[in-house]
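Student: Before the discussion begins, please show the sequence and the structure.

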Amino acid sequence: MYEIIITILIILLLVSVIRNRGSKQKFKQDREKQDFLDTIFYATEYSPASIIIANENCEILYVNRQFVTMSGYMPDEVIGKKTNIMNSGMTNPSVYEDLWSTLDRGETWSGEFINRRKDGQLYWEKANISKIYNKVTDSTNYVGVKLDITERKAKEHHDNSYNRALELLSSGAPLKDILDAIVFSVEEKNPGRIVCSVLLVDKEKKCLTLASAPSLPGFYKNAIHNVKIADGAASFGTAAYTGKRVIAEDISVHPDWSLYKGLALYAGLRSCWSEPVIGQNKEILGVLSVYHRKPYVPNEEETFSIEKSAQLVGIAIERYSAIDMLRRSEEHYRQLAHYDSLTSLANGLTFAEQMEQAILLSKQTGRRIALMFLDLDKFKQINDTFGHAIGDLLLKEAAARMRSSVRDTDTVYRRSGDEFIILLQGIKEEANTLYVADKIHNAMNKPFDIEGKKLEVSCSIGIALYPEHGTDSLTLAINADSAMYQAKAMGRSQTQIYVVQNGHQ
């Protein structure tokens with residue numbers, strides 16, 4: 001009997017030992033599984049990448065700590081909300097189309113978003129999103145792993161805009177286009193947070209004129225155009241006055257902004273850093289201003305960037321000024337080469353070029369050309385009596401009277417001294433030429449009032465017609481000149497049409 005009982009006890013003990021070993025083993029396995037799950041959780045929770053899990057309706061189920069850091073939203077503010085809560089509206093719709101078509105194929109989508117933080121600031125995300133099927137719950141989830149690439153994208157945009165500014169600078173583009181590109185390169189280092197302006201010193205060096213501010217509202221741009229350069233005239237006016245950087249951390253309380261803070265605050269501007277643009281000869285050329293949406297002081301890196309941008313603005317201004325000066329110089333020398341400096345009439349060189357063109361046009365249209373050579377009568381006597389200064393004023397007035405006596409399509413040239421040429425195109429009849437000659441005589445026969453002196457001159461006019469009196473410019477010029485001397489031989493204020501050698505007019 002006792003043996004049976006002992007045997008039963010031993011069997012029960014063995015069963016208990018076996019069960020205990022099984023329980024310990026299962027506990028160990030469960031513990032290992034839990035440790036693994038804890039590891040996965042902590043790896044997810046403390047991942048340097050933002051992780052978001054949503055259900056098939058795109059309602060957020062989970063976000064990790066990095067998501068909070070990147071977006072500014074706490075978990076309880078987004079869980080249960082749609083994933084588009086961060087949507088800025090600035091991501092191209094084609095990105096979302098590609099996202100869903102990729103996920104529907106069962107593939108992982110990779111791409112970039114421009115999202116908006118809780119505080120309203122824009123930021124760039126590099127995202128990898130996968131579609132996962134949960135067998136236990138028979139449901140679909142979406143898992144997104146994201147990195148903040150705002151700094152990299154800002155640098156890319158900045159470099160692109162900066163390089164664009166250099167390209168425009170080297171190609172001789174308009175100054176405004178160059179300055180706009182420089183401004184964009186600064187703004188794109190902190191997209192949505194800063195805006196910039198470039199003001200240039202005017203010729204009198206008394207005011208700043210607006211040259212570039214593509215991102216500022218119109219009313220504010222109007223307000224800062226033609227701002228007086230003075231100490232206390234906002235950050236930019238003070239910077240131009242002192243030649244030193246001016247930082248207004250908070251526009252609302254800075255004394256330099258007393259006259260402009262209302263407009264600035266209404267435009268959403270809270271701080272302003274103004275960097276003077278200084279030329280190679282240490283002259284103040286303008287001011288580059290950077291506005292921040294919050295009270296802010298630039299750090300060392302930002303200050304260095306602003307200095308470099310201001311230097312580029314200076315290079316652009318000086319290069320543009322040099323090109324403009326060269327262009328004006330070229331125009332001046334072209335004017336000297338083709339126009340008479342005293343009367344501003346076209347000169348003999350221009351006459352030779354335009355006469356050839358007039359002959360070609362006459363051949364095409366069948367219209368005649370009249371070439372007039374004019375010489376002022378008794379001008380030498382006036383010049384010798386009253387001096388060259390009076391003589392020059394008389395020539396200018398005589399040239400003006402000739403111009404007013406002909407059509408806009410006709411051209412008056414100064415040949416030399418007191419000799420002039422008039423080219424009449426599209427002449428139908430000889431009588432048209434004589435009519436113009438009479439108008440010129442009437443204009444020239446009126447007394448000239450030159451510095452209180454009543455002077456009287458007249459002119460002798462010789463005329464050669466194309467094609468009757470020559471089929472090339474040289475022959476026509478020789479014959480018109482010959483006719484002019486024939487007119488002078490006839491007395492004062494005469495007109496003579498060239499007479500051919502056979503005696504017929």
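The turns below treat an open sheet and then a cavity.

Tutor: This is a predicted model, in which local features need pLDDT of at least 70, side-chain atom pairs count only at pLDDT 80 or more, and totals for chains, interfaces and linings use all residues. Residues are numbered from 1 along each chain as its sequence is written, and side-chain values use heavy atoms, with hydrogens and water left out.

Student: Which strands stand at the edges of the open sheet?

Tutor: Strands are DSSP runs of E, at least two residues, and helices runs of H or I, at least four, numbered from the N terminus. Two strands pair if DSSP finds at least two bridges between them; here five strands follow the order 13-14-12-17-18 with mixed pairing. Each edge strand has a single partner strand, so one side of it is left without a neighbour in the sheet: these are strand 13 (411–416) and strand 18 (495–497).

Student: Which residue is the bridge partner of isoleucine 461 in strand 18?

Tutor: Strand 17 (residues 458–466) pairs with strand 18 in the parallel sense over three bridges. The partner of isoleucine 461 in strand 18 is threonine 495.

Student: Which element gives the largest share of the lining of the largest cavity?

Tutor: A cavity is a set of points on a 1 Å grid over the protein atoms alone where a 1.4 Å probe fits but cannot get out, and lining residues have an atom within 4 Å of a point. Strand 10 (271–278) and helix 10 (300–338) each give two or more residues to this lining. The largest share, three residues, comes from strand 10.
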